[in-house]
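Reader: I am in my first year and still learning to read models of this kind. Could you take me slowly through one part of the structure, and then show me how the parts around it fit together?

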Amino acid sequence: MEERRGLNTDAKSKPSKAWLSALAGWLIPGLGHVGQGKVYRGALGGATVLALFLCGAALGGHLYGLRDTSEGLLSSLFGFCDLGSGILWLGSKALGLALREQPQLATSEYGNIFLMVAGLLNFILSMDAYDIGVGRKS
Amino acid sequence: MRHFALMCLFASLVALVFAIVGREGERRRTLYALRVFLEFIGVGFALAWLLYWIPW
């Protein structure tokens with residue numbers, strides 16, 4: 001049955017490899033899929049996350065911190081969403097890019113949403129890589 | 001107009017990722033991406049009109 005559905009039964013016994021794929025996918029968007037041989041899927045997903053992140057930064061969005069309290073408890077939630085972008089989030093934090101709020105720009109709120117959704121979509125891609133790794137998906 | 005363009009950009013990028021993880025097969029993915037994109041735009045317009053009539 002699983003063979004007919006094209007599921008990866010070999011990886012079922014290697015959950016550590018699946019976790020590694022998920023972690024790699026979180027750190028570098030798309031890498032989890034690429035490591036599993038799904039190059040097209042990984043490249044497209046990674047490029048989409050990157051495009052969303054860059055658009056968000058270009059629109060004047062800023063990254064929230066996990067301990068940010070500028071908008072109450074929601075800020076931490078926003079920070080968690082931003083965290084999903086992996087190396088893009090880490091790099092921006094390290095280089096000080098897209099960290100300053102720019103309310104004077106009409107599109108800054110759009111930018112914030114783009115950045116958060118980039119992170120959330122990368123979380124979804126990472127979980128997809130995990131599912132492929134444990135054989136739940138092909 | 002710029003807001004609409006941004007909404008279209010956002011919807012197309014999100015639809016792409018949803019299609020990658022949500023469906024198998026090129027044809028099914030394409031159709032699903034198109035459906036998600038149109039749903040985003042439709043819901044965006046519906047909410048915009050709804051909020052237009054709410055005075056606060």
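Author: Gly35(A) belongs to helix H2 of chain A, which covers residues 31-35, and as with everything that follows, its description rests on a predicted model. This glycine has 18 other C-beta atoms within 10 Å, and because a residue needs 20 or more to be called buried, Gly35(A) is classed as partly exposed. Leaving aside residues up to four places away in sequence, Gly35(A) touches Ser21(A) and Ala24(A). Ser21(A) is 14 residues from Gly35(A) along the chain, yet the two C-alpha atoms are separated by 6.9 Å.

The chain around this glycine has six helices and one strand, arranged along the sequence in the pattern α-α-α-β-α-α-α. The C-alpha trace of chain A spans about 55 × 25 × 25 Å along its principal axes, and 42% of its 138 residues count as buried. If one takes the contacts in chain A between residues at least 6 apart in sequence, 69% of them join residues at least 24 apart.

Moving on to helix H3 of chain A, we find Arg41(A), which has 21 C-beta neighbours inside 10 Å and therefore counts as buried. Its C-alpha atom lies 9.8 Å from that of Leu31(A), a residue 10 places away in sequence. Apart from residues up to four places away in sequence, Arg41(A) touches His33(A) in its own chain and Ile20(B) in chain B, and with that second partner we can turn to the meeting of the two chains.

Chain A contributes 15 residues to this contact and chain B contributes 10; on the side of chain B, nine are nonpolar, none is polar and one is charged. Within it, helix H3 of chain A (residues 39-58) and helix H1 of chain B (residues 2-22) have axes that come within 10 Å and cross at roughly 155 degrees. Because angles over 145 degrees count this way, H3(A) and H1(B) are described as roughly antiparallel to each other. The crossing of H3(A) with H1(B) is left-handed. From H3(A), the residues that take part are Arg41(A), Leu44(A), Gly45(A), Thr48(A), Ala51(A), Leu52(A) and Cys55(A), and they meet Leu9(B), Leu13(B), Leu16(B), Val17(B) and Ile20(B) of H1(B). Sorted by character, the residues of this helix contact are nine nonpolar, two polar and one charged.

H1(B) itself can be checked for length: its 21 residues, at 1.5 Å a residue, should span 30 Å, and the end C-alpha atoms are 29 Å apart, which agrees. Several residues of H1(B) are buried, among them Phe10(B), Leu13(B), Val17(B) and Ile20(B). The cover over the buried residues of H1(B) includes H3 and helix H6 (108-134) of chain A, together with helix H2 (26-53) of chain B.

That last helix, H2(B), has an axis that comes within 8 Å of the axis of H1(B), and the two cross at roughly 145 degrees in a right-handed manner. Residues of H1(B) including Ala11(B), Ala15(B), Phe18(B) and Gly22(B) meet residues of H2(B) including Arg29(B), Tyr32(B), Phe37(B) and Gly44(B). The contact of H1(B) with H2(B) divides into 15 nonpolar, three polar and one charged residue.

Technical notes. Residues numbered from 1 in each chain as written. Chains lettered and ligands numbered in written order. Predicted model: local features only at pLDDT ≥ 70, side-chain atom pairs only at ≥ 80, totals over all residues. Contact = placed C-beta atoms within 7 Å. Nonpolar A, V, L, I, M, F, W, Y, C, P; charged D, E, K, R; others polar. Helix = DSSP H or I, 4+ residues; strand = E, 2+ residues; numbered from the N terminus. Buried ≥ 20, exposed ≤ 12 C-beta atoms within 10 Å, placed from the backbone. Axes fitted to C-alpha atoms, helices over the stretch in contact; angles between N-to-C directions. Parallel < 35°, antiparallel > 145°, perpendicular 65-115°, else oblique. Left-handed = near helix turned anticlockwise from the far one by under 90°. Expected span 1.5 Å × (residues − 1).
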